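Hello,

Here is the structure I promised to pass on to you. Have a look at it first, and then read on for what turned up.

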Amino acid sequence: MTRTVFITGASSGFGAACARKFAAHGDRLILLARRQQRLQTLADELDGCDTHLISLDITDQQALQSAIENIPEAFGKPDVLINNAGLALGLSGADQAEMSHWQQMIDTNISALVHLTRLVLPAMVRRDRGHIVNIGSTAGNWPYPGGNVYGATKAFVKQFSRGLRADLLGKRIKVTNIEPGLAETEFSLVRFNHDAARAAEVYDGTKPISADDLADIIHWVCNTPAHININAMEIMPLCQSWGPFRIDRQMSFD
Ligand SMILES: NC(=O)C1=CN([C@@H]2O[C@H](COP(=O)(O)OP(=O)(O)OC[C@H]3O[C@@H](n4cnc5c(N)ncnc54)[C@H](OP(=O)(O)O)[C@@H]3O)[C@@H](O)[C@H]2O)C=CC1
Ligand SMILES: N[C@@H](C=O)C(=O)O
């Protein structure tokens with residue numbers, strides 16, 4: 001059956017790779033991001049796939065609502081919503097971080113994700129079918145220095161995903177939180193204000209998760225038997241693991 005798959009953050013990274021993967025399996029796509037030209041180039045590449053493009057800032061609530069109301073009828077209602085648009089900005093400690101960065105991460109990773117879910121979910125409930133795939137992060141499970149608000153937004157996404165599952169018991173609607181670790185996309189470029197050298201250092205000497213790796217996993221998650229729900233999946237490259245607790249041995253309390 002051809003599904004309508006709605007992917008946010010489709011102009012790059014995981015979102016673009018998911019678009020290619022789902023298109024290759026015959027699904028029709030609704031693709032959202034700010035960069036219209038990127039979306040158009042992707043849609044041209046996916047020749048033969050029915051694609052509806054939504055070019056907007058997902059934090060603009062009015063624009064988002066109007067875009068959802070104006071999805072062409074031929075696309076029907078989304079069967080799968082991949083809440084992927086998101087970002088980290090900066091890696092400064094909490095006393096130094098820019099408040100505007102924190103606000104943008106909260107607006108994008110939390111508020112916009114919640115808003116879009118609220119807009120799309122009623123039709124899934126009415127039709128008694130659907131799948132919401134939220135893109136969380138290992139940063140929502142494990143803290144690291146400088147990850148402060150970014151990690152907190154992803155912890156929100158994790159708990160929101162669980163809450164959705166609790167609310168949707170008895171409905172044929174699946175909810176999954178995908179929690180990737182080190183993955184090479186434009187993520188670090190954005191985090192470090194397009195400083196390419198600094199972004200490259202993040203992946204230096206590693207074999208990180210690729211966008212295609214993650215798209216394969218998401219596609220699998222969206223194709224499990226009807227009675228199975230993958231609640232959460234944490235994925236790291238083999239070269240990544242946890243560090244020990246840090247202990248400061250210099251502190252004085254005199
Ligand atoms: N790469 C990594 O290491 C990991 C990433 N993640 C998460 O995966 C998700 C995708 O990131 P990834 O593919 O890595 O990074 P990319 O930077 O490559 O992609 C981010 C996508 O989000 C879109 N986006 C960001 N802000 C907005 C906005 N305000 N309105 C609309 N679209 C927006 C961007 O589109 P545009 O700029 O055109 O608007 C882009 O398509 C994010 O939620 C990220 O937090 C989770 C774990 C690991
Ligand atoms: N796991 C990465 C993205 O979410 C990170 O925290 O750097």
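**Around the ligand**

Helix 1 gives the largest share of the shell around ligand 1, with 3 residues. Please keep in mind that this is a predicted model. The shell counts 28 residues, and those that come nearest to ligand 1 are G9, G13, R34, G86 and F187. Two elements give two or more residues to this shell: helix 1 (13-24) and helix 6 (187-191). Sorted by class, the residues around ligand 1 are 12 nonpolar, 11 polar and 5 charged.

**Strand 1 and its neighbours**

I also spent some time on strand 1, residues 4-8. Is this strand enclosed or open, and why? Strand 1 is largely enclosed by the rest of the structure, because 5 of its 5 residues are buried. In a regular strand, side chains alternate between the two faces of the sheet. For strand 1 both faces are covered: T4, F6 and T8 are buried on one side, and V5 and I7 are buried on the other.

Which strands does strand 1 pair with? With strand 2 (residues 28-33) it runs parallel, joined by 5 bridges, and T4 stands opposite R28 there. To get from strand 1 to strand 2 the chain passes through helix 1, making a right-handed β-α-β crossover. Strand 4 (residues 80-83) also runs parallel to strand 1, with 3 bridges joining the two. Here F6 has L81 as its bridge partner.

So helix 1 is worth a look from both sides: it is part of that crossover, and it also gives residues to the shell around ligand 1.

Best wishes

Note on methods
Residues numbered from 1 in each chain as written. Chains lettered and ligands numbered in written order. Predicted model: local features only at pLDDT ≥ 70, side-chain atom pairs only at ≥ 80, totals over all residues. Near = placed C-beta within 6 Å. Helix = DSSP H or I, 4+ residues; strand = E, 2+ residues; numbered from the N terminus. Nonpolar A, V, L, I, M, F, W, Y, C, P; charged D, E, K, R; others polar. Buried ≥ 20, exposed ≤ 12 C-beta atoms within 10 Å, placed from the backbone. Pairing = 2+ DSSP bridges. Right-handed = clockwise from strand over helix to strand, strands pointing away.
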